[in-house]
Structures are given as structure tokens and as C-alpha cells.
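Student: I would like to go through this model with some questions. Please keep the answers short.
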Amino acid sequence: MSKEPERGARAAGRAPRIALGVSGGIAAYKAAEVVRGLMKAGCEVHVVMTAHAREFITPLTLQTLSAHKVLSDPWDLSQGADIQHIALARDLDLLLVAPATADILAKLAHGIADDFLTTFYLAVTATVAMAPAMNLWMWEHPATRANVEVLKGRGVRVIDPGVGELACGEEGIGRMAEPEAIVEAALSLVKKKSRGRLRAAASS
Ligand SMILES: Cc1cc2nc3c(=O)[nH]c(=O)nc-3n(C[C@H](O)[C@H](O)[C@H](O)COP(=O)(O)O)c2cc1C
């Protein structure tokens with residue numbers, strides 16, 4: 001295989017550019033801590049929210065913390081004539097989805113592109129990481145297990161959920177990894193030379 005030229009933040013001498021996808025689970029409020037951690041580490045952060053995520057945390061909070069307009073509506077062209085999901089996908093170092101719902105894992109595993117985040121995912125060639133968060137039975141369900149395996153097989157890094165008390169009152173696996181651990185994982189991914197998920201998939 002031919003040698004891929006160095007690209008991304010290190011090659012361009014700029015801050016790592018991270019898109020944080022936020023989907024609609026109870027752990028969405030912790031996305032604020034993830035944004036803060038990434039910003040503190042000197043990253044440029046662009047938040048992409050699903051419509052359901054907006055039920056759990058306001059775009060205003062994430063926009064204020066990230067200092068960038070939150071992207072959610074593929075039909076909103078107020079930022080200019082560029083098709084935004086394509087514009088941001090260019091020159092991105094990492095797409096991090098935290099929290100990743102069972103629903104978003106299923107959509108991404110199957111290439112469904114019916115909102116900003118899912119369409120954006122298909123346009124991204126940078127490294128992709130996900131921090132799933134859900135009820136333990138949703139996490140253990142064969143459908144979710146299969147979707148996670150599909151994504152891993154494509155080179156998506158999965159930041160495994162932990163065990164503990166879940167928002168639904170049950171105890172077990174499914175709790176999103178702590179924001180500090182997610183930030184640490186994201187930083188270690190952007191520091192490495194990104195070969196891109198398409199390349200990983202091609203060699204698997
Ligand atoms: C109060 C509440 C909490 C929820 N928490 C979760 C969750 O932690 N994980 C999950 O996968 N789904 C959760 N859901 C279900 C999702 O919101 C639902 O599947 C939704 O379609 C996800 O949409 P999105 O993936 O486009 O954001 C929750 C729903 C409600 C009403």
C-alpha cells in the first residue's frame with residue numbers, strides 16, 4: 001500500500017479539530033464536561049447534536065462552552081453556502097460521539113443518513129470514536145452487540161461503558177465512561193498519526 005502523506009492538526013500546525021457528536025441519552029449532560037476537557041487541552045471543538053439530544057441538554061450550553069455554533073439541522077445554511085456536513089468533515093482530526101445511544105450505533109452501523117450527525121459520519125474520513133451509554137439490557141442486546149462489532153470492524157474506536165448505577169435505576173454495564181477518560185482517549189487518538197477509518201477498514 002502506498003505511503004499516506006501526513007495530514008491533520010500536526011501537519012497543518014494547528015489545534016486538533018474535534019467534532020463531538022451528542023446523541024439523545026441521559027448521559028448527554030456529561031457532554032458539557034467532555035467539551036470543557038477538550039477545550040482545556042487546546043482542541044477546537046465543534047458540537048453536532050441529534051434532535052433527541054436537544055431534549056437532554058441545550059445547544060446554548062454546548063455552543064457557549066465550545067465557542068462554535070452547534071450543528072444539528074442539515075437544512076440550516078445560515079453559516080454560508082457550504083454544505084456544512086461536508087465542510088466540517090474536511091480537515092477533521094476526530095469524530096467523537098459521546099454519548100452514543102443504541103439508536104445512533106444502529107444507524108451508523110447501517111449507514112443510515114437521516115440527520116446531520118448520521119450524514120456527517122458518512123462524510124468523515126478521520127478517526128471515529130464512540131462512548132456508548134444505555135441501559136444494560138440495551139447494551140447486551142444481540143442487535144447492539146452486532147452493531148458494535150460492525151463499527152469496530154470498520155476501525156471505529158469504542159470507549160467501553162462502565163459498570164455501575166444506571167439512570168434507569170438498574171445496576172450493571174451501560175454507564176458512559178467518565179468524561180475525563182473520554183477526553184484522555186480522544187487526546188491519545190488525535191496525537192497519533194491518523195490513518196483514517198477507511199484505511200483501517202480496507203486493511204481489515
Ligand atoms: C429519559 C430518556 C432517557 C434515555 N436514555 C437513553 C440512553 O441512555 N441510551 C440510549 O441508547 N437511549 C436512551 N433513550 C432513548 C433514546 O432517546 C431514543 O432511542 C432516541 O431515538 C435516540 O435518538 P438519537 O440517537 O437520534 O439521539 C432515552 C429516552 C428517554 C426518554
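Student: How many residues surround the ligand, and which are the closest?
Tutor: The model is predicted. The shell around the ligand counts 15 residues. The closest are Gly24, Gly25, Thr50, His52 and Thr101.

Student: Which helix gives the largest share of the shell around the ligand?
Tutor: By class, the shell residues divide into eight nonpolar, six polar and one charged. Three residues make up the largest share, and they come from the helix spanning residues 102–110, H5.

Student: Are helices H2 and H3 roughly parallel or roughly antiparallel to each other?
Tutor: H2 covers residues 31–40 and H3 covers residues 59–66. Their axes come within 9 Å and cross at roughly 10°. Angles under 35 degrees count as roughly parallel. H2 and H3 are therefore roughly parallel.

Student: Which residues of H3 does H2 meet?
Tutor: The residues of this contact divide into six nonpolar, two polar and one charged. From H2 come Ala31, Ala32, Val35, Arg36 and Met39. In H3 they meet Thr61, Leu62, Leu65 and Ser66.

Student: Which strand gives the most to the largest nonpolar core?
Tutor: That core has 57 residues, and those with the most contacts inside it are Ile18, Leu20, Leu94, Leu95, Ala98 and Ala186. In soluble globular proteins, nonpolar side chains tend to be buried together. With six residues, the strand that gives the most to this core is S3, residues 94–100.

Student: Which residues does Leu20 touch, not counting those up to four places away in sequence?
Tutor: Leu20 is among the residues with the most contacts inside the largest nonpolar core. Leaving out residues up to four places away in sequence, Leu20 touches Ala31, Val34, Val35, Val45, Val47, Val48, Leu96 and Ala98.

Note on methods:
Residues are numbered from 1 along each chain as its sequence is written. This is a predicted model: local features need pLDDT of at least 70, side-chain atom pairs count only at pLDDT 80 or more; totals for chains, interfaces and linings use all residues. Axes are lines fitted to C-alpha atoms, for helices over the stretch in contact, and angles run from 0 to 180 degrees between N-to-C directions. Helices (H or I, at least four residues) and strands (E, at least two) are DSSP runs, numbered from the N terminus. Angles under 35 degrees count as roughly parallel, over 145 as roughly antiparallel, 65 to 115 as roughly perpendicular and the rest as oblique. Two residues are in contact if their C-beta atoms, placed from the backbone, lie within 7 Å. Ala, Val, Leu, Ile, Met, Phe, Trp, Tyr, Cys and Pro count as nonpolar, Asp, Glu, Lys and Arg as charged, and the others, Gly among them, as polar. A residue is near a molecule or strand if its C-beta atom, placed from the backbone, lies within 6 Å of it. A nonpolar core is a set of buried Ala, Val, Leu, Ile, Met, Phe, Trp, Tyr and Cys residues joined through C-beta atoms within 7 Å. A residue is buried if 20 or more other C-beta atoms lie within 10 Å of its own, exposed if 12 or fewer, and partly exposed in between; C-beta atoms are placed from the backbone.
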